[in-house]
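Okay, thanks everyone, let's get going. I'll put the structure up and then talk through it piece by piece.

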Amino acid sequence: MDMRETRRQTIDEVELMLANARLRDELEPYRDESIESSINRMSLQAENEYLASMLAWERAPALPISDWFSPPLHLLPPDALGDSQLSHRLKKTIQKLYSKNIVLRCTDHLCDRELYTIIYRDILPCCEKKVDVPGKALEWMCVEDTETWLRFYATPVERRRYQEEFDCELPPSETPKHSRQLPGN
């Protein structure tokens, strides 16, 4: 290793340390024990990324998801649409949600109308922190009960653990009826 490489590494480390100190100062008003317990074994670069994401979270506004869009995203009520209209609007809406890093999970047990209804009724009016951190998404699980999750989405290991923990009969494992290729999945 030559002298220039050693010097560059030293400068990089000093820059990381200065950034770390700045991030810790900015996080001070929000500080609790969760910060310290989370970063004990991280590299300085990873710690800085983690602290920056925490700071972004703390500063982010909580808004209805519909207001994350400009203009706000408003959908027609599900019963105002025919099946083909609804399917088309559903696809466009899912793409719009994904453009704001909102990823839908566990949707294959739902028909298009049921999924559209969840977006209309539950997702768009829900207040969430709008955080713009690269590589991070808001994941919306479209499963409202444990039985549905166990039936359609739980792995054999998850099913076994659930059965052992709660000492109960499990619903039969099934393949969901509506296979979808959604963005982010």
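I'll start with the overall layout, then go to the core, a pair of strand residues, the pockets, and a few backbone oddities.

First, a reminder that this is a predicted model. What do we have in terms of helices and strands? The protein has seven helices and four strands. If you walk along the sequence, the order is α-α-α-β-α-β-α-β-β-α-α. There are 185 residues, and buried ones make up 30% of them. The accessible surface is about 12300 Å², with 51% of that belonging to carbon and sulfur atoms. And on the contacts: if you take pairs at least 6 apart in sequence, 70% of those contacts join residues at least 24 apart.

Okay, the core. In soluble globular proteins, nonpolar side chains tend to be buried together. Here, the largest nonpolar core has 22 residues, and the members that touch the most other members are I65, L97, L104, L115 and I119. Which elements give two or more residues to this core? Those are α4, β2, which is 102-105, and α5, which is 112-123. Of these, α5 gives the most, with five residues.

Let me pick out I65 from that list. Skipping anything up to four places away in sequence, I65 touches L97, I102, I123, L124, C126, E128, L138 and W140. So keep L138 in mind, we'll come back to that one.

Now to strand β2, where we find V103. Buried or exposed? V103 counts as buried, because its relative accessibility is 4%. Leaving out neighbours within four places, V103 is in contact with Y98, then A137, L138, E139 and W140, and then P183, G184 and N185. Take G184 from that set: V103 and G184 are 81 residues apart in sequence, yet C-alpha to C-alpha they are 5.9 Å apart in space.

L138, as promised, sits in strand β4, residues 138-141. With a relative accessible area of 22%, L138 is partly exposed. The cut-off for buried is under 20%. What does L138 touch beyond four places in sequence? The contacts are I65, W68, N101, I102, V103 and E128. There's also a spacing to note with L104: the two are 34 residues apart in sequence and 8.5 Å apart, C-alpha to C-alpha.

L138 brings us to the pockets. The largest pocket is lined by 13 residues, and L138 is one of those nearest its centre, together with W68, K129, V131 and A137. The space in there is about 200 Å³. As for the character of the lining, you get six nonpolar residues, one polar and six charged.

The second largest pocket has a volume of about 150 Å³. Who lines that one? It's L90, K91, I94, Q95, D112, R180, Q181, L182 and P183. Helix α4, residues 83-99, gives the most to this lining, with four residues. By type, the second pocket's lining has four nonpolar, two polar and three charged residues. P183 is also in contact with V103, if you remember the list from a minute ago.

Next, the backbone oddities. The peptide bond from S70 to P71 is cis, with omega near -5°. You'll find P71 in the loop between β1, which is 62-64, and α4.

Then there are two positive phi values at residues that aren't glycine. C106 has a phi of about 55°, and C106 is in the loop between β2 and α5. D167 has a phi of about 45°, and D167 is in the segment after α7, which is 156-166. How do they sit relative to the surface? C106 is buried, with a relative accessible area of 16%, whereas D167 counts as exposed at 70% relative accessibility.

One last residue, an arginine this time. R151 lies in helix α6, residues 146-152. R151 counts as buried, because its relative accessibility is 16%. And what does R151 touch, not counting residues up to four places away? The answer is R159, P171, P172, S173 and E174.

That's the tour, so let's go to discussion.

How values were computed. Residues numbered from 1 in each chain as written. Predicted model: local features only at pLDDT ≥ 70, side-chain atom pairs only at ≥ 80, totals over all residues. Heavy atoms only, no water. Buried < 20%, exposed > 50% of the residue type's maximum accessible area, 1.4 Å probe, protein only. Contact = heavy atoms within 4.5 Å. Areas by Shrake-Rupley, 256 points an atom, 1.4 Å probe, with all protein chains shown as cover. 1 Å grid on protein atoms, 1.4 Å probe; cavity = no way out; pocket = protein on both sides within 12 Å on 5 of 7 lines; lining within 4 Å. Points joined across faces, edges and corners; volume = space filled by probe spheres on them. Nonpolar A, V, L, I, M, F, W, Y, C, P; charged D, E, K, R; others polar. Core = buried A, V, L, I, M, F, W, Y, C linked by side-chain atoms within 4.5 Å.
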